[in-house]
Amino acid sequence: MTQGAHWGAVVISLHWFGALAIVAMLALGLYMTEADLEAARKFDLYQLHKALGWLTLVLTVVRIVVRAVKAAPESLPTISPMTRGLARVGHFLLYALALIVGLTGWVRISSAIIPIPIDLFGLVNVPDIATMNLGLSDLMASAHRFAAYALAVLVALHAAAALKHHFVGRDATLRRMVGARPART
Amino acid sequence: MPSPLSNIFAVLTSFAVLGLAGGAPASEPAASSIDPARTHIGFTIDATGFPRTQGEFHAFKGQLSVNFDRPSLSRVSFTVESGSIDVGSPSFDGTLRGPAFLNSERFPVIAFRSTSVEKVDDKTARVVGDLTMLGVTLPLQLDVDVRRAANGQRVGFAARARIDRLAYGMNSGYPIISREVDLTVTSEVAR
């Protein structure tokens, strides 16, 4: 579905919220697992990552729904069909990986043999979606990690592509994702 | 007419005589309460892929009776409020108080009572007693280092014990979280 020349305020807001959330989760996930931390600090960071990660998953689902029902702007005519195809595949993988990272995290927590639920800042606990299972939990932990690495690579490629459009191709791709009304080209 | 002071003396003397007649050893001191300000109850537990967790319990009561002449007559007992656990994070504390670990709502008290005290050497004693946790009572051995302060007025104790939490039914997280919990209790009494 393509229509109009720009994405609209809702999609643009969701895109940048999603970008911030995903980058923050990747950074926090790497820090909390790799840094040499005291147990209490590590526990708190894991709990924060779980709560924010679950909210990021919800945001991803909302974005996918909005993307499915809302018309996307027309492709810029200067973009070749091959680039357009690559972008489509890239965007699909971004959504898919964001979804996979979130879901594997949720299943990992749900099936963990240490029952520590996702605590949404003391307000409510997110329900489990799997039963306790050490093998499943370990598998999900690995899947979560590798999917997160793949997502990080794809986010970097996505950002690099946007910058290339802006600075090398000098087209409106990035401008229309920051809400600037592009000149018709 | 006897003075009030001599009356008190008479009463004290008769108590002492009754005590001896009852067979109580003259050298056994009365049990004294553990001074919370001079006592620390701490623990450490290991896990795979997670740093060693160290914590302590803030709320406890205890009685300590040390007989330096006849160590086997010494006694110690204490009760710890399991809900007073502190590992440095309220959220982590809450998890440890929960049903997966200490289950503090159902089992608010962890109790220890010595059944034997044995002097190993001048600086070491071995205390054996019963530890009750999560409704299960099992024997526990504490190795105690005894340190006398330079002025000889106070004696410090550092007790170490290793608890097998699985034996008490605390299975959560095993084998990622180790089954052994190392317990350290330090305290001090006036001689």
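# Exercises on a predicted two-chain model

In chain B, take the contacts between residues at least 6 apart in sequence: 51% of them join residues at least 24 apart. The structure is a predicted model, and the exercises below begin with chain B before turning to chain A.

**Exercise 1. Determine where the confidence in chain B is lowest and where it is highest.**

Solution. Step one is the overall level: chain B has an average pLDDT of 85, and 84% of its residues score at least 70. Step two locates the extremes. Helix α1 (residues 4-21) of chain B has the lowest confidence, with a mean of 38, whereas strand β6 (residues 85-86) of chain B has the highest, at 98. Step three examines the weak stretch: residues 1-26 of chain B have a pLDDT below 50, and beyond near neighbours in sequence this stretch makes five contacts in the model. Where pLDDT is low, the predicted coordinates should not be read in detail. For the complex, the predictor gives an ipTM of 0.82 and a pTM of 0.84.

**Exercise 2. Describe how the strands of chain B are arranged in a sheet.**

Solution. Begin by counting elements: chain B contains two helices and eleven strands. Along the sequence they follow the pattern α-β-β-β-β-β-β-α-β-β-β-β-β. Next, read the order in space. The open sheet of eleven strands runs β1-β4-β5-β7-β8-β9-β10-β11-β2-β3-β6 (chain B), with antiparallel pairing. Its edge strands are β1 (32-33) and β6 of chain B, each of which pairs on one side only. Finally, inspect one pair: strands β7 (residues 109-121) and β8 (residues 124-133) of chain B run antiparallel and are joined by nine bridges. B:V117 has B:V127, in β8(B), as its bridge partner.

**Exercise 3. Place B:V127 among its contacts and in the largest nonpolar core.**

Solution. First, list the contacts. Leaving aside neighbours within four places in sequence, B:V127 contacts B:V76, B:S114, B:V117, B:L142, B:V144 and B:A159. Then turn to the core. The largest nonpolar core has 39 residues, and B:V127 is one of those with the most contacts inside it, a group including B:F78, B:V80, B:V144 and B:A159. Another core lies apart from it, with eight residues, among them A:M25, A:A98, A:V101 and A:A147. In soluble globular proteins, nonpolar side chains tend to be buried together. Over chain B, buried residues make up 26% of the 191 residues.

**Exercise 4. Identify what each chain gives to the contact between chains A and B.**

Solution. Chain B supplies 15 residues and chain A supplies twelve residues. On the side of chain B that touches chain A, β3 (50-57) and α2 (90-97) of chain B each supply at least two residues. The most come from β3(B), with four residues. By class, this side of chain B has seven nonpolar, seven polar and one charged residues.

Now consider helix α2 (residues 39-69) of chain A. Its 31 residues reach 45 Å from first C-alpha to last, close to the 45 Å expected at 1.5 Å a residue. Its buried residues include A:F43, A:Y46, A:L57 and A:R63. Their cover includes α1 (9-34), α3 (81-111) and β1 (118-120) of chain A, together with β3 and α2 of chain B.

**Exercise 5. Explain why A:E38 counts as partly exposed.**

Solution. A:E38 lies in the loop between α1 and α2 of chain A. A:E38 has 15 C-beta neighbours inside 10 Å, and therefore counts as partly exposed, since a buried residue needs 20 or more and an exposed one has 12 or fewer. Not counting residues up to four places away in sequence, A:E38 touches B:P51 and B:G88.

Technical notes
Residues numbered from 1 in each chain as written. Chains lettered and ligands numbered in written order. Predicted model: local features only at pLDDT ≥ 70, side-chain atom pairs only at ≥ 80, totals over all residues. pLDDT = per-residue confidence, 0-100. Contact = placed C-beta atoms within 7 Å. Nonpolar A, V, L, I, M, F, W, Y, C, P; charged D, E, K, R; others polar. Core = buried A, V, L, I, M, F, W, Y, C linked by C-beta atoms within 7 Å. Expected span 1.5 Å × (residues − 1). Pairing = 2+ DSSP bridges.
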